[in-house]
Amino acid sequence: MQPRDLSDHIAYEAGRGIEEVARELGRDPSEFVKLASNENPHGPSPAAAVAIRETASSVSSYPKAAHADLTAAIADRWDVTDEQVWLANGGDGALDYLHRAMIEPGDAVLVPDPGFAYYGMSSRYHHGDVREYELSKADDFAQDADTVLEYYDGDRDRIVFLTSPHNPSGSTIPLGEVERLADETSDETLLVVDEAYGEFADRDSALALIEGRDGFEARDDIAVLRTFSKAYGLAGVRLGYAVVPEAWADAYARVNTPFAASEIACRAGLAAIDDAEHVERTVETARDSRAYMREHIDAHVWESEGNFVLVEVGDAAAVAEAMQERGVIVRDCSSFGLPGCIRITCGTEDETERAVETLNEVLAELD
Ligand code: PMP
């Protein structure tokens, strides 16, 4: 007996942790810094850490109350109804729910190339065909409506994924272009605007388009994805959500996994939402770090609005390996369909300086 044929599914490359790398190289974990997964260098909000500890004694109960409280807090934050907030096991879980809600076998989804691998993976799990639109490296991965429309295939494309800021380049798409794309695509096509890195960008959320704010008309063909993994520093508890149009009122109950987010995750999320200072500090660190990297790295660094930068290095596998050997773990972007580039997460000042120094040494050596 075998599982169904999954041979066309790509495996998720989550990147390796410090412990794993140190063990493999026979070194002490304290020698390493990991700037490979766009995690928060300041960790979680201290209030969230307290909430996690305090939740320990109540985890024998199902997470219903905290789930409802967090949903209400998120709805309050964005000024939407509770029914519009689809809590999930990370942004990845919210992507699964959107596919469950939208995809019938034979439907297609349109995803960016290069781009975040889980869009395509989740689509395949849900029997969707994956089609790609190209973001051009020569054009600095610029995102606009025309770039997507060139590849768009009408009603068959049930979901179009936009990533703003885009992983791994850091480019963004103006809201006016999202609106134009929504206008020019079928009413049967959902645009998912993935704002996993939204806090780090100097841009308004695409929520304005769903809700009809800031001069936009309200619409029911856009959903926005958000996560607690990045700016909130809670990647380990797995907490994210989609904000969907108001017209979808009862759909969540039909697609969600029961108790979609754990009690620990919900309590941590509630505390983190209240700690605006921690998010501000995190965003400021990321801005300083990416500016420093753009200024000091001896190679092309793309302008980024995320908590990471993309760097053109030539032999990315060799560069990433040599950096790792020197204790700095970064991401080789081959897995994003972008050979020749590495992605470096914004760290603290010390971590950033160390990454830049290490990369410049490696580039000089491999030259
Ligand atoms: N979207 C993008 C663009 C991402 O880079 C990530 C995480 N790397 C996610 C969504 C999902 O993040 P999570 O499941 O941790 O919320």
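This report describes a predicted model, moving from its annotated domain and ligand surroundings to its strands and to selected residues.

## Domain and ligand shell

UniProt, in an unreviewed entry, places the feature "domain: Aminotransferase class I/classII large" at residues 31–359. In the model, this span is 38% helix and 16% strand, and its end C-alpha atoms lie 16 Å apart.

The ligand is surrounded by 13 residues. The closest are Gly90, Gly91, Ala196, Thr227 and Ser229. By character, the shell divides into 3 nonpolar, 8 polar and 2 charged residues. Helix H4, formed by residues 90–102, gives the most to this shell, with 3 residues.

## The annotated lysine

The UniProt record, again unreviewed, assigns the feature "modified residue: N6-(pyridoxal phosphate)lysine" to Lys230. This residue sits in the loop between strands E7 and E8, the latter covering 240–243. Is Lys230 buried or exposed? Lys230 has 30 other C-beta atoms within 10 Å; because 20 or more suffice for a residue to count as buried, Lys230 is buried. When neighbours within four places in sequence are left aside, Lys230 is in contact with Asn38, Asn40, Ala196, Tyr197 and Asn307. Ala196 also appears among the closest residues around the ligand.

Ala235 lies in the loop between E7 and E8 as well. Ala235 is partly exposed, with 18 other C-beta atoms within 10 Å. Not counting residues up to four places away in sequence, Ala235 touches Glu39 and Ser229. Ala235 and Leu363 are 128 residues apart in sequence, and their C-alpha atoms are 31 Å apart in space.

## Parallel strands around E6

Strands of a sheet pair through backbone hydrogen bonds, in either a parallel or an antiparallel sense. Strand E6 comprises residues 190–194, and 5 of its 5 residues are buried, so the strand is largely enclosed by the rest of the structure. Leu190, Val192 and Asp194 point one way from E6, while Leu191 and Val193 point the other way.

E6 pairs in the parallel sense with strand E5, residues 157–163, over 5 bridges. One of these pairings sets Thr163 against Asp194 in E6. Between E5 and E6 the chain passes through helix H7, residues 175–184, in a β-α-β crossover that is right-handed. E6 also runs parallel to strand E7, residues 222–227, to which 4 bridges join it. There, Val192 has Ala223 of E7 as its bridge partner.

E5 is mostly covered too, with 7 of its 7 residues buried. Strand E3, residues 108–113, pairs with E5 in the parallel sense over 3 bridges, and Val109 stands opposite Ile159 in E5.

## An antiparallel sheet

A further open sheet consists of 3 strands in the order E9-E12-E11, with antiparallel pairing. Strands E9 (308–312) and E11 (331–332) stand at the edges, each with a single partner strand, so one side of each is left without a neighbour in the sheet. E11 and strand E12, residues 341–345, pair over 2 bridges. In this pairing, Asp332 stands opposite Ile342 in E12.

## Backbone features in loops

Two cis peptide bonds may be noted here. The bond from Asp113 to Pro114 is cis, with omega near 0 degrees, and Pro114 is found in the loop between E3 and helix H5 (117–125). A cis peptide bond also joins Ser164 and Pro165, with omega about -5 degrees; Pro165 lies in the loop between E5 and H7.

Asp214 has a positive phi although the residue is other than glycine, and the same description applies to Phe259. The table sets out these two residues.

| Residue | Phi | Loop between | C-beta atoms within 10 Å | Exposure |
|---|---|---|---|---|
| Asp214 | near 55 degrees | H8 (207–211) and E7 | 10 other C-beta atoms | exposed |
| Phe259 | near 55 degrees | H9 (252–255) and H10 (263–274) | 14 C-beta neighbours | partly exposed |

Why does Phe259 count as partly exposed? With 14 C-beta neighbours inside 10 Å, Phe259 falls between the limits, because a residue is exposed at 12 or fewer and buried at 20 or more.

Methods:
Residues are numbered from 1 along each chain as its sequence is written. This is a predicted model: local features need pLDDT of at least 70, side-chain atom pairs count only at pLDDT 80 or more; totals for chains, interfaces and linings use all residues. A residue is near a molecule or strand if its C-beta atom, placed from the backbone, lies within 6 Å of it. Ala, Val, Leu, Ile, Met, Phe, Trp, Tyr, Cys and Pro count as nonpolar, Asp, Glu, Lys and Arg as charged, and the others, Gly among them, as polar. Two strands pair if DSSP finds at least two bridges between them. A crossover is right-handed if, with the strands pointing away from the viewer, the path from the first strand over the helix to the second runs clockwise. UniProt positions are given in the numbering used here, feature names are shortened, and annotations may be inferred rather than shown by experiment. Two residues are in contact if their C-beta atoms, placed from the backbone, lie within 7 Å.
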